[in-house]
Amino acid sequence: MKIPFLDLKKQYDSIKSEIDPAIQNVIDNTAFILGKSVSDFESEFAKAHNVKHCYGVSSGTDANHLALWAYGLKQGDEVIIPANTFIATAWGATLCGATPVFVDCDERSYNIDPKKAEEKINKNTKAVVAVHLYGQPADMDPLKSITDKHNLILAEDAAQSHLAEYKGTKIGGIGSVTSFSFYPGKNLGAFGEGGAVTTNDDDIAMKVKMHRDHGSVKKYYHEIYGHNYRMEGIQGAVLGIKLKHLEKWTDARRAVAGKYREQLKDIDAVLLPEEMSYAKHVYHLFVVQVPDRDKLQNYLNENGISTGLHYPVPLHLQKCFDHLGYKKGDFPNTEKLADNCLSLPMFPELSDDQIGYICDKIKLFFKS
Ligand SMILES: *Cc1c(COP(=O)(O)O)cnc(C)c1O
């Protein structure tokens, strides 16, 4: 059997009859940049996340930048960020000229540890970024009391967590501002690059909208600095169709996770991901921790099973951040995760046969 880490073709085949005419419609109207398909998607996406404003942008990375840029972050400002995340979380800060300040994650949730975040606050701190890693919301209540107390921005990087819930509330409007990614492999993926920024703050929403489109509301009148971070019409059309299926796909991901749990629970060597009591996890990734991770990954690969590593090198040990002076040993939970993590195949269409095959191979590996 050959099992890919992610199967985008299967998903496309299931919705081809809806997607193709929607794309054709954008072409027929030559509405290639922003336009109706994007604004329709923006209002549906905002509704789905119970948040007032949503702006479609050119990528999740650009959304991370816009989220902090809208607050005027600049050189000398510090932004507190978990060390275990994708690098693009940090680009949000660096693109503003600000400095990322890394903290360790909690050993159970794998999300930012609020107590450790608070220890890093000083007079230059402007924001804390809560990444809802792998699809599980960070612990927002303690983070919110810390950022309220110190008068800081609480940004959410929700690139991996569309429709996830914290204590029964959809993420996307809990903090000050939230960024999403629609990279094709994300839970909601475009047919190219895409992202969004959501917020309940009217003033910040207006800034995001203007920065996204050359600092203007009226064409050729530029009131503030800007960039070209606009979403393409075809992406808006694709995302609008896919959004209608997202709840069903999320349920399917959760079902896959449940089957993995059931079949792997008796293997002592496999540490399963914990779904925290406050979280509705949307399982962008199903990440286990195992000893001999590289050996298991090779073994699975030899048996036709593709897996992933999220992430093999924590941000504080990336070469591009050498100048910040972090060293190995600074963040034990993050470093242990980097050494032992293995992401099993995870997509809504993963079949029972495929899950059974994967789990049998893992059992066999640890028996020998
Ligand atoms: C994917 C991802 C991003 C970046 O999104 P792009 O759309 O690829 O630019 C940012 N943060 C996290 C946590 C991500 O997983």
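Biologist: How many residues line the second largest pocket?

Modeller: This is a predicted model. In it, Asp40, Phe41, Gly240, Ile241 and Lys244 are the lining residues nearest the centre of the second largest pocket. They belong to a lining whose full count is 20 residues.

Biologist: Which helix supplies the largest share of that lining of the second largest pocket?

Modeller: α1 (8-28), α2 (36-48) and α8 (233-243) each supply at least two residues of this lining. The largest share is six residues, and the helix that gives them is α2.

Biologist: How many residues in the lining of the second largest pocket are charged?

Modeller: The lining of the second largest pocket holds nine nonpolar residues and five polar ones. The charged residues number six.

Biologist: What space lies in the largest pocket?

Modeller: For the second largest pocket the value is about 420 Å³. For the largest pocket the space is about 510 Å³.

Biologist: Which residues are closest to the centre of the largest pocket?

Modeller: The largest pocket is lined by 27 residues. Domain 1 (8-243) and domain 2 (246-367) each give at least three residues to this lining. The closest to the pocket's centre are Phe86, Tyr183, Lys186, His284 and Tyr311.

Biologist: Which helix gives the most to the lining of the largest pocket?

Modeller: Helices α3 (60-69) and α4 (88-94) each supply at least two residues there. The most from one element is three residues, and they come from α3.

Biologist: How many residues in the lining of the largest pocket are charged?

Modeller: Twelve residues of the lining of the largest pocket are nonpolar, and twelve are polar. The charged residues number three.

Conventions. Residues are numbered from 1 along each chain as its sequence is written. This is a predicted model: local features need pLDDT of at least 70, side-chain atom pairs count only at pLDDT 80 or more; totals for chains, interfaces and linings use all residues. Side-chain values use heavy atoms; hydrogens and water are left out. On a 1 Å grid over the protein atoms alone, a cavity is a set of points where a 1.4 Å probe fits but cannot get out, and a pocket is an open set with protein on both sides within 12 Å along at least five of seven lines; lining residues have an atom within 4 Å of a point. Grid points are joined across faces, edges and corners, and a volume is the space filled by probe spheres set on the points. Helices (H or I, at least four residues) and strands (E, at least two) are DSSP runs, numbered from the N terminus. Ala, Val, Leu, Ile, Met, Phe, Trp, Tyr, Cys and Pro count as nonpolar, Asp, Glu, Lys and Arg as charged, and the others, Gly among them, as polar. Domain bounds come from an automatic or database domain assignment.
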